[in-house]
Structure formats: C-alpha cells, structure tokens
Amino acid sequence: MYLCCLSTSHSSTDKLAFDVGLQEDTTGEACWWTIHPASKQRSEGEKVRVGDDLILVSVSSERYLHLSYGYGNLHVDAAFQQTLWSVVPTCSGSEVAQGYLIGGDVLRLLHGHMDECLTVPSGEHGEEQRRSVNYEGGAVSIHARSLWRLEMLRVAWSGSHIRWGQPFRLRHVTTGKYLSLTDDRSLLLMDKDKADVKSTAFCFKSSKEKLDSGMKKEMDGMGIADIKYGDSVCYVQHIDTSLWLTYQAMDTKCARMGGVQRKAIMHHEGHMDDGLTLSRSQHEESRTARVIRSTVFLFNHFIRGLDVLCKKGNMSSLDLPIESVSLSLRDLIGYFQPPDEHLEHEEKQNRLRALKNRQNLFQEEGMISLVQECIDRLHVYSSAAHFAEIAGKEAGEAWKSILNSLYELLG
C-alpha cells in the first residue's frame with residue numbers, strides 16, 4: 001500500500017484540502033511526494049539525515065502533507081498549510097545477524113537433554129484445560145501447539161535482536177493467548193484482553209547467577225546479537241517477581257508409568273537443568289499455525305451460535321457469522337488445493353510436501369473434529385428452507401453451500 005493524495009475532500013475546517021489515504025495502485029502522480037528540508041541548515045539535493053525535519057509535498061495536488069484537527073480528532077490531509085515531519089528508521093534488514101533471535105520470531109522452547117518442549121494440551125482437551133502449560137516430549141515438537149511468538153516490549157526498532165535481560169511477552173500461536181503468571185503464582189495462558197504487562201513480561205538470562213544487572217543501556221539500530229538459535233542456553237525469568245521458569249517434579253509412580261508431561265511452574269530457585277534452547281519455526285509452519293488460530297476461533301463462534309439456535313428456536317436476529325464462515329471455507333479449500341499437474345517434478349514434490357505438512361498440522365490441532373461438529377449442527381435442519389425459518393433468509397441461502405464446502409474440506 002502507498003501513501004496517496006486522494007481526489008476527495010472531507011475536511012470540516014479547510015475546503016481546499018484533499019484527503020490522504022492508502023492505495024495499491026501506483027499509476028499517475030497521486031502516490032508521489034517530494035521531500036523538502038524544513039531547516040535552513042539543509043538545502044535541496046543534500047542527503048536526508050535521521051532526525052531531520054521535513055516537509056512533504058504532493059506532486060499531483062501541490063499541497064503539503066498536513067496534520068489537522070477537527071471534531072476532536074487528529075487526521076492527515078493534503079493542504080496549503082505546512083506540517084513538519086521527521087523520518088525515523090524502525091528496522092534494518094542488513095544489520096540482522098543470521099541464526100540469532102530477533103523480536104517477532106515464532107519459535108519453540110526446547111528443554112535441554114530431556115527432549116521436551118514447552119507446550120499446551122492438545123486440541124481434544126477443553127478450553128479451560130488448554131490454559132495450562134507443560135513440558136512434553138515426543139511428536140509434539142513438530143506440532144503447531146508448541147509454537148510461541150516472542151513479542152518485544154518497549155519496541156524501538158522493529159525486529160531488532162533480543163538481548164539478555166530484555167523484556168518480552170510469549171504469545172501461544174494457535175490459541176492467541178499469552179503466557180502469564182497469575183496472582184496466586186500459577187502459570188497459565190491468559191486471554192489477550194486480560195493479559196496485562198506486569199503478569200506477562202519475561203526475559204531471558206544466560207545464568208541464574210546475578211552476573212548481569214538487568215537491561216543494558218538502550219542501543220541504536222538493531223542491537224547486538226546475543227542469543228543464538230540451537231546454541232545459547234536460556235533461563236526464563238518473570239520480570240516482576242524474579243521467579244524462574246521450571247518444572248514440577250513427577251512422583252516415582254508417575255515416572256514408572258511413563259508420564260510424558262511435566263507441569264511448567266514458576267519458582268524462586270527451580271532446577272539446575274532449567275536452561276532452554278530455542279528453535280525457530282519455518283515460515284510455512286508459523287503461517288499455518290496462525291490460520292489454525294483464526295479458523296478455530298471462527299468455527300467455535302459459529303458452533304456456539306448454532307447451539308443457541310437449536311435450544312431457543314426461531315432467532316433470526318442472532319448474528320451468525322455466515323459470510324465469514326463461507327469466505328473462510330473458500331480460503332481453506334484453496335489453501336489445501338493440490339499442486340498443478342503441469343508443474344516441474346521437483347517443484348510439484350516440494351508443494352506436495354508443504355501441503356502434507358499443512359494437513360498434518362491441522363489434523364493434530366483437532367480441526368477435523370471441528371469441521372465434523374459444524375456438519376452435525378447444520379444437519380439438525382432438514383433443508384435450506386428449514387434453516388432459513390430458524391436463522392433467517394441469509395443463513396438459509398448459504399446453508400447448502402456451507403455444507404458442501406465443509407464436505408469438500410474433509411475430502
């Protein structure tokens with residue numbers, strides 16, 4: 001998308017101003033702006049330096065990019081009044097060290113010699129049970145439920161290197177919830193709207209010894225690459241309480257029975273082997289995990305709505321996400337479409353392998369059961385007319401196409 005001077009004008013204070021917005025089309029001069037120095041210490045033709053005050057002029061309208069105030073809100077337009085702007089760098093791909101942890105990465109937290117990773121219970125468990133956090137071994141290390149997204153706090157440079165002691169939050173990718181320490185010192189996943197910074201801020205330390213005094217001085221640019229994937233041993237500490245991420249020791253009986261899960265807890269000392277190594281996920285894998293999250297949320301919302309209809313009868317005023325479900329199913333069918341037969345053999349095999357991985361990730365998260373639940377709820381109604389009578393005309397018209405799409409998705 002490109003910053004563009006539009007031909008419309010909605011300004012209440014300046015009738016000669018044009019609206020400014022974003023558009024994909026770059027034809028014409030609407031998306032072109034010239035940069036002029038605001039200071040007499042700079043002249044046109046000089047290089048623009050970080051922190052310089054600038055004036056931006058629209059090529060198409062010959063008006064300035066202007067910040068105006070009207071009806072209690074600030075908005076940007078193209079006007080004959082000047083506003084000074086400053087260009088500030090936020091990211092530099094050329095300064096990123098390969099193989100090191102940066103903000104926004106999707107990763108797995110592997111527990112050293114135990115061949116375990118930090119994860120949540122599988123999709124077959126209820127929503128409340130899936131708030132708990134465990135160390136689990138086995139095949140979970142290739143499942144989507146073991147993926148976490150590291151979100152920096154106090155972002156100065158987007159995607160900069162994460163340093164020892166730098167605060168961040170861990171967001172579980174497939175549920176969208178944040179790792180959080182509750183008031184009673186329980187380690188749980190917390191919904192986004194309840195996840196305050198105090199309870200969800202953690203940091204990595206290279207040791208439990210008090211060697212480094214917290215955060216180092218803020219640095220310009222992408223920072224120093226400290227934490228290396230697969231190499232650095234990281235201890236996770238809760239910022240507010242200084243407790244360490246560790247595990248609850250299993251009793252002897254449970255260990256003999258081959259227990260594969262150990263509850264993750266926070267403790268003031270923990271164990272000697274609490275160090276974790278990090279493994280970055282593949283781009284395709286993290287993308288699929290995000291698709292799973294949005295699909296699960298939408299389908300569960302749809303199922304709850306259908307349950308309400310079934311219990312209370314005629315409720316055409318109920319806001320079922322009919323259009324969203326229809327569009328989501330269309331996207332999912334395309335997402336799982338086999339590769340074209342006319343592709344080169346190697347390219348075709350690569351795409352088939354990626355498709356198989358997507359299918360496996362969805363299956364492991366219980367998506368087949370979720371689709372079957374949707375089908376069962378819709379089959380309560382004998383026809384589109386029957387569904388329309390209960391849920392409204394729009395829902396009735398979409399009943400058959402949604403059912404067909406759900407079956408196609410299963411096929």
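**Group meeting talk: contacts, salt bridges and a surface patch**

Hi everyone, let's begin with contacts: of those in the protein chain that join residues at least 6 apart in sequence, 64% are between residues at least 24 apart. Please keep in mind that this is a predicted model.

Now the overall picture. The protein chain has eight helices and 19 strands, and its C-alpha atoms fill a box of roughly 80 × 70 × 55 Å along the principal axes. There are 411 residues, and 41% of them are buried. About 23,500 Å² of the protein chain is exposed, with carbon and sulfur atoms supplying 51% of that area.

On to charges. The protein chain carries 46 positive and 55 negative charges, and the mean positions of these two sets are 4 Å apart. Side chains of opposite charge can pair when their charged atoms come close. Here the count comes to 17 salt bridges. Let me walk you through three of those pairs.

Take D105 and R280, which form a salt bridge with their closest N and O atoms 3.5 Å apart. D105 sits in the loop between strand 7 and strand 8, while R280 belongs to strand 19, so this pair links parts of the chain 175 residues apart. Is D105 buried or exposed? D105 has a relative accessible area of 9%, which is under the 20% cut-off, so D105 counts as buried. R280, at 35%, is partly exposed.

Next come D191 and R131, whose side chains meet in a salt bridge at 3.0 Å, N to O. D191 is in the loop between strand 14 and helix 1, and R131 is in the loop between strand 9 and strand 10, so the pair ties together parts 60 residues apart in sequence. R131 is buried, at 14% relative accessible area. These two residues also belong to a network of salt bridges that links E128, R131, K177 and D191.

The third pair is E284 with R358, where the closest N and O atoms are 2.9 Å apart. This one links two helices: E284 is in helix 3 and R358 is in helix 5, 74 residues apart. E284 is partly exposed at 26%, whereas R358 is buried at 12%.

Finally, let's look at the surface. Which residues make the nonpolar surface patch of about 390 Å²? They are L67, Y69, L74 and V76, and strand 5 and strand 6 each give two or more residues to that patch. L74 is in strand 6. Why does L74 count as exposed? Its relative accessibility is 57%, and the cut-off for exposed is over 50%.

Thanks for listening!

Note on methods. Residues numbered from 1 in each chain as written. Heavy atoms only, no water. Patch = residues over 30% accessible without salt bridge, like charges linked within 9 Å, V, L, I, M, F, W, Y side chains within 5 Å. Areas by Shrake-Rupley, 256 points an atom, 1.4 Å probe, with all protein chains shown as cover. Salt bridge = Lys/Arg side-chain N within 4 Å of Asp/Glu carboxyl O. Helix = DSSP H or I, 4+ residues; strand = E, 2+ residues; numbered from the N terminus. Buried < 20%, exposed > 50% of the residue type's maximum accessible area, 1.4 Å probe, protein only. Contact = heavy atoms within 4.5 Å. Lys, Arg positive; Asp, Glu negative; His and termini not counted. Charge placed at Lys NZ, Arg CZ, Asp CG, Glu CD.
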